[in-house]
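Colleague: Could you walk me slowly through one loop of this model and then through the parts around it? I am new to reading structures, so please take it step by step.

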Amino acid sequence: MTQAHKQKLTFEEYLTYEDDTDNRYELIDGELVTLPPESGPNNFIANYLLFTLASSGFIPLRLIRTHMCEIQVPILREGDAANRYPDLVVLRPEHILLTATRLTITQTMPPPQLVVEVVSPGRVGRDRDYISKRAQYAARGIPEYWIVDPQEEIVAVLRLESGEYVEVGVFQGEQALISPAFPQLNLTAQQVLEGEF
């Protein structure tokens, strides 16, 4: 990660920052940190989920976003980012108008219905998805969070309960995912991890 801008920014200043690039940034301690490109396998899993959820017929395609939807989250610990770019987000219908000029869900907006993170290899990625993001997404009030972990070959489905995530289940192989937000979902852990239909 490289520092992109030296002046400390508030989140409101960050929202108006322009540098004529397509870079995505996390705002950490008032500084812009450039996010690296997604890995091929993580991008494939996110796109597979987008296609599968959209073709299921119960989630409209325009409510599903991969990688580019930014969510403002509370800073809970020193070094936390003030914004996150989940691998996949399922928006609420009201977000369509609220994000018409910028695909950022601020803390003044309702939380999305679901966020999904695909765990990157290495300790930093694991800690970020399993600890930091989990706590920040819970504090933001996002009702459901999935952690897709290709290294462990599991999909963890978490439901928000009394301000904290509780496990609905940790699914592997041919086990069907159980999603409180989308109970009609017909998807196994193996399908998510391997992109099978």
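Modeller: Let us begin with E153, which sits in the loop between β10 and β11; please keep in mind throughout that this is a predicted model. The backbone of E153 has a phi near 60 degrees, a positive value in a residue that is not glycine. As for its surroundings, E153 has a relative accessibility of 53%, and because anything over 50% is called exposed, E153 counts as exposed.

Moving forward along the chain from this loop, we reach strand β11, residues 154-161, which pairs with strand β12, residues 164-171, in the antiparallel sense over seven bridges. If you would like one pair to look for on the screen, take A156, whose bridge partner in β12 is V170. The two strands make a hairpin with two residues between them, and in that turn you will find S162 with a positive phi of about 55 degrees.

Now go back to the other side of the loop and look at what touches the residues there. V119 belongs to a loop of its own, the one between β9 (114-118) and α4 (123-140), and its contacts, leaving out residues up to four places away in sequence, include I147, V148, D149, P150 and Q151. Although V119 and I147 are 28 residues apart along the chain, their C-alpha atoms are separated by 6.9 Å. In contrast to E153, which is exposed, V119 has a relative accessibility of 0% and therefore counts as buried.

One of the residues that V119 touches is N42, and N42 takes us to the helix α2, where it is among the buried residues. α2 runs over residues 40-55, so to read it you follow 16 residues that reach 22 Å from the first C-alpha to the last, close to the 22 Å expected at 1.5 Å a residue. Which residues of α2 are buried? They are N42, I45, A46, Y48, L49, T52 and L53. Seen down the axis of the helix, these buried residues fall within an arc of 155 degrees, which means that they line one face of α2. On the other side of the helix, G40 and S55 are exposed.

The two ends of α2 deserve a careful look as well. At the N-terminal end, S39 acts as a cap, with a side-chain oxygen 3.3 Å from the backbone nitrogen of N42. After the helix comes G57, and its phi is positive, near 90 degrees.

What lies over the buried residues of α2? The cover includes β4 (64-66), β7 (88-90), β9, β10 (144-149) and α5 (189-194), and you will recognise β10 as a strand that borders the loop of E153. For a single example, choose L49, which, leaving aside its neighbours within four places in sequence, is in contact with L88, V116, W146, L187 and V192.

L49 also belongs to the largest nonpolar core, which has 23 residues, and it is among those with the most contacts inside that core, together with W146, V148, V155, L177 and V192. This core draws at least two residues from each of α2, β7, β9, β10, β11 and α5, and its largest share, four residues, comes from α2. Apart from this core lies another one, of 19 residues, with A138, I142, Y145 and L158 among them.

To finish, it helps to set E153 beside another residue with a positive phi. D20, found in the loop between α1 (11-15) and β2 (25-28), has a positive phi of about 60 degrees although it is not a glycine. With a relative accessibility of 78%, D20 counts as exposed. The strand that follows this loop, β2, is covered on both faces, since Y25 and L27 on one side and E26 and I28 on the other are all buried. β2 pairs with strand β3, residues 31-34, in the antiparallel sense over four bridges, and L27 stands opposite L32 in β3. This pair forms a hairpin with two residues between its strands, where D29 in the turn has a positive phi of about 50 degrees.

Conventions:
Residues numbered from 1 in each chain as written. Predicted model: local features only at pLDDT ≥ 70, side-chain atom pairs only at ≥ 80, totals over all residues. Heavy atoms only, no water. Pairing = 2+ DSSP bridges. Buried < 20%, exposed > 50% of the residue type's maximum accessible area, 1.4 Å probe, protein only. Contact = heavy atoms within 4.5 Å. Expected span 1.5 Å × (residues − 1). Arc of directions from axis to C-beta. Polar contact = N/O pair within 3.5 Å; in protein donor to acceptor, adjacent residues only side chain to side chain. Core = buried A, V, L, I, M, F, W, Y, C linked by side-chain atoms within 4.5 Å.
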